Amino acid sequence: MHHDEKQAKLDDLIKDNATVMFTTIDPHGAIVSRPMTVQEVRGSVLTFVTQADNDVARDGDAKTVNLTLADGGTYVSLSGTGRVEHDLAKKRELWNRINEAFAGDPEDPNNVIFEVTVDGGEYWDSGNAVAQLVGIAKAAVTGEAPTGKHGDVTP
């Protein structure tokens, strides 16, 4: 798959998935995941809103992070590098009622933009629920593993 095809596939896989599990490694070496809402996708950069004093910013800034999502029979795992950004204009552009409910005002200096530049990723697609059931039934009868799609979406 060429770069443009990989980018199109990545865009397609995440376009309807506003929430990902955002994984970092804490100062004690523990792997920690939490749900985060994707605010924007630009090429291989996913943008979030968070707070400068929380674990996402502390444990993810200038470090490798992992983003995972699952939607029906589609699963995606993306790795990349996190970066805290203090761009007030960008915060205002992305701000919405949900951000306001959780974090208050975009002018609050504790509210920051967090960008993840994706440098690798994979997906698995086993189809919708009906296709999964048919695949499992077929596997039970034939002894062959259910089929699905798997691919690399590394930009």
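Exposed here means over 50% relative accessible area, buried means under 20%, and partly exposed falls in between. With those words in hand, let us take a look around this predicted model.

**Figure 1. The largest pocket and its lining.** Welcome to the largest pocket, whose volume is about 310 Å³. Its lining is made up of 13 residues, and Met36, Thr37, Val49, Asn99 and Phe102 sit nearest the centre. Two or more lining residues come from each of strand E2 (31-37), strand E4 (45-51) and helix H4 (97-103). Helix H4 provides the largest share, with four residues. By character, the lining has seven nonpolar and six polar residues, and no charged ones.

**Figure 2. Lys90 and Glu40, a salt bridge between helix H3 and strand E3.** Here the side chains of Lys90 and Glu40 come together in a salt bridge, at 2.6 Å from N to O. The two partners belong to distant parts of the chain, 50 residues apart: Lys90 lies in helix H3 (residues 88-94) and Glu40 in strand E3 (residues 40-42). Both ends of this pair count as buried because Lys90 has a relative accessible area of 13% and Glu40 one of 17%, each under the 20% cut-off.

**Figure 3. Lys90 and Glu93, a salt bridge within helix H3.** Lys90 appears again, this time in a salt bridge with the side chain of Glu93 (3.4 Å, N to O). These two residues are three apart in helix H3, so about one helical turn separates them. Glu93 has a relative accessible area of 53%, so this residue is exposed, whereas Lys90 is buried at 13%.

**Figure 4. Arg42 and Glu115, a salt bridge between strands E3 and E7.** Arg42 pairs with Glu115 in a salt bridge whose closest N and O atoms are 3.5 Å apart. This is another link between distant parts of the chain, with Arg42 in strand E3 and Glu115 in strand E7 (residues 111-125), 73 residues apart. Arg42 is partly exposed, with a relative accessible area of 38%, while Glu115 is buried at 8%.

**Figure 5. The salt-bridge network.** Stepping back, the pairs of the previous views can be placed in a wider setting. Glu40, Arg42, Arg83, Glu85, Lys90, Glu93 and Glu115 are linked in a network of salt bridges. Side chains of opposite charge can pair when their charged atoms come close. A search of the whole structure finds nine salt bridges, among them Lys90 with Glu40, Lys90 with Glu93 and Arg42 with Glu115.

Key:
Residues numbered from 1 in each chain as written. Predicted model: local features only at pLDDT ≥ 70, side-chain atom pairs only at ≥ 80, totals over all residues. Heavy atoms only, no water. 1 Å grid on protein atoms, 1.4 Å probe; cavity = no way out; pocket = protein on both sides within 12 Å on 5 of 7 lines; lining within 4 Å. Points joined across faces, edges and corners; volume = space filled by probe spheres on them. Nonpolar A, V, L, I, M, F, W, Y, C, P; charged D, E, K, R; others polar. Salt bridge = Lys/Arg side-chain N within 4 Å of Asp/Glu carboxyl O. Buried < 20%, exposed > 50% of the residue type's maximum accessible area, 1.4 Å probe, protein only.
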